[in-house]
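The following exercises concern a single protein chain. Each task is followed by a solution that proceeds step by step.

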Amino acid sequence: MTSLPPTPDAPETGMTAHPPRSGPVVAVLAFGGIVVSLMQTLVVPLIPDLPGLLHTSASDASWAITATLLAGAVATPVLGRLGDMYGKRRTLLLSLTMLVVGSVVCALSDALAPMIVGRALQGFSAGVIPLGISIMRDELPAERLGSAMALMSSSLGVGGALGLPGAAALAEHADWHVLFWVSASLGVVVIALVLALVPESPVRGGGRFDLVGAIGLSAGLLCLLLAVSKGADWGWASTTTIGLFGGAVVVLLLWSRWELRVTGPLVDLRTTVRRQVLLTNLASIVIGFAMFGMSLVLPQLLQMPEATGYGLGQSMMTAGLCLGPSGLVMMAISPLSARITATSGPKVSLMLGAGVIAAGYGMGVFLMDAAWQVVIISCVIGAGIGLAYSAMPALIMSAVPVSETGAANGLNTLMRSIGTSTASAVVGVVLAHMTTAFGPTEVPSLNGFRTAFVIGGGAALVALAVASLLPGRGPDRLTAPSERSGTPQPVAGR
């Protein structure tokens, strides 16, 4: 590869003379991403039993899910910025430590309050995936960067899909606390591997941490995501929900004004409004919506009693096994996505992924009669998610300075989280209101499931439309370290 002058955003001092072995670095970071996404699906099999296990109401028990969501949303942009300033590996280890501590707290819990605290601590590990992608950009040689980022980005979906059957098996055959002891153990393993094999990135952004910006963003996100995630419980027209939405708008507007005026902002809004960054983040919201919609609809369809006439009557563990192959498909598709990105650009990968997701949801409208059909649907949607998720880091990092990759990737991960939160609210409302009588209870109707599939497919088509507005293959470049000097260099073919 031809050596080019160093970019202005990448200081030469302190750069390592030789890049690390890329294989172990990629494997460890991808494993860390999978462990973090496993944590996010850990309690899914427990949801029906949480009120009894924690001696509380169903509404209060849902905070064990909401706490992780809120903590992760706040953590990703903040930890990304801290990584840019003080070291990405150091911040990555902090995130993993929070995962271990939170898992231990949950493993020792039998009541709601400590469970919420533990799940919130686990949520702070959400920064692992954007930090891992940023470390890859700083450390890997050019020829490995595309495929490595694709694998790391898709690990979010891979871990979620593979973790569901494992968590279901443990929940059925062991004490539920074992789930969290396993999570803590995996976190310790990842920490040890990071300490042994992942070097500290020498690329630093410098400056002072924007504490006011961090507080403002956290407050705005808390208001927004609380309203989205709890609006169905509180009532969408209730004073609390409307007040939170209004508060989110006011706080985020004030926060935006602060970020535009302060030196060294938490999020460089001038960068985020660039066409490529803005449209990629918008597409990420909708792709996140489409991804989580599958996770909400398919397990319920699989476990619905056959006596309803459309339910498939599978056990919790079998339902998890039916969805597990989609994770393997995501992992297998990431090298293909990297090749498409290298030859045709990440825009094409994102558009192709959105189209495949839409096709999978379209199949779901008609293929609901057997478990094997659900497996096919989930694998098609998983393939689309793998393509789309793998393209997003390339789009983001080819449009931001090297010194801002942690914050930029953290913000992109936050956009996906907003999408998943919105999916939870929207699909939850659809399945809760489109019901049919089944004995003394109400269950989601066949039309309710079909409507949810249509909404998921529509979201994917919206993502396709947004992606089509992205710039084509132009002057934007990814950077990777030169093998001779360790200085980040543009990667050809992006």
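**Exercise 1.** How much space lies in the second largest pocket? Describe its lining as well.

*Solution.* The model is a predicted one.

Step 1. The volume of the second largest pocket is about 440 Å³.

Step 2. The lining consists of 18 residues, and those closest to the pocket centre are W255, L269, T272, L411 and M415.

Step 3. By residue class, the lining holds 15 nonpolar and three polar residues, with no charged ones.

Step 4. At least two lining residues come from each of the helices α10 (211–234), α11 (239–261), α12 (269–272), α13 and α17 (405–433). In terms of domains, domain 2 (210–265) and domain 3 (268–471) each contribute at least three residues to the lining.

**Exercise 2.** How many aromatic pairs does a search of the whole structure find? Classify the pair of W176 and F180 and the pair of Y310 and F449 by geometry.

*Solution.*

Step 1. The search yields three aromatic pairs.

Step 2. An aromatic pair is described by the distance between the ring centres and the angle between the ring planes.

Step 3. For W176 and F180, the centres are 6.2 Å apart and the planes stand at 85°. Planes over 60 degrees apart count as edge-to-face, and the pair of W176 and F180 is therefore edge-to-face. Both W176 and F180 are buried.

Step 4. For Y310 and F449, the centres are 6.2 Å apart and the planes stand at 65°, so this pair is also edge-to-face. The pair of Y310 and F449 links distant parts of the chain, 139 residues apart: Y310 belongs to the loop between α13 (275–303) and α14 (316–344), and F449 to helix α18 (residues 446–468). Y310 and F449 are both buried.

**Exercise 3.** Which ring lies under the charged end of R416?

*Solution.* The charged end of R416 sits over the ring of Y389, at 4.2 Å from the ring centre.

**Exercise 4.** Are S445 and H55 buried or exposed? Give the location of each residue.

*Solution.*

Step 1. S445 is found in the loop between β2 (441–444) and α18. Its relative accessible area is 11%; the cut-off for buried is under 20%, so S445 is buried.

Step 2. The C-alpha atoms of S445 and G309 are 10.0 Å apart in space, while the two residues are 136 residues apart in sequence.

Step 3. H55 occupies the loop between α2 (50–54) and α3 (58–61). Its relative accessible area is 67%; exposed requires over 50%, so H55 is exposed.

Step 4. H55 is not a glycine, yet its phi is positive, at about 55°.

Note on methods: Residues are numbered from 1 along each chain as its sequence is written. This is a predicted model: local features need pLDDT of at least 70, side-chain atom pairs count only at pLDDT 80 or more; totals for chains, interfaces and linings use all residues. Side-chain values use heavy atoms; hydrogens and water are left out. Rings of Phe, Tyr and Trp (its six-membered ring) pair if their centres lie within 6.5 Å; planes under 30 degrees apart count as stacked, over 60 as edge-to-face and the rest as tilted. Buried means under 20% relative accessible area, exposed over 50%, partly exposed in between (1.4 Å probe, protein chains only). Helices (H or I, at least four residues) and strands (E, at least two) are DSSP runs, numbered from the N terminus. A charge sits over a ring if NZ of Lys or CZ of Arg is within 6 Å of the ring centre and within 35 degrees of the ring normal. On a 1 Å grid over the protein atoms alone, a cavity is a set of points where a 1.4 Å probe fits but cannot get out, and a pocket is an open set with protein on both sides within 12 Å along at least five of seven lines; lining residues have an atom within 4 Å of a point. Grid points are joined across faces, edges and corners, and a volume is the space filled by probe spheres set on the points. Ala, Val, Leu, Ile, Met, Phe, Trp, Tyr, Cys and Pro count as nonpolar, Asp, Glu, Lys and Arg as charged, and the others, Gly among them, as polar. Domain bounds come from an automatic or database domain assignment.
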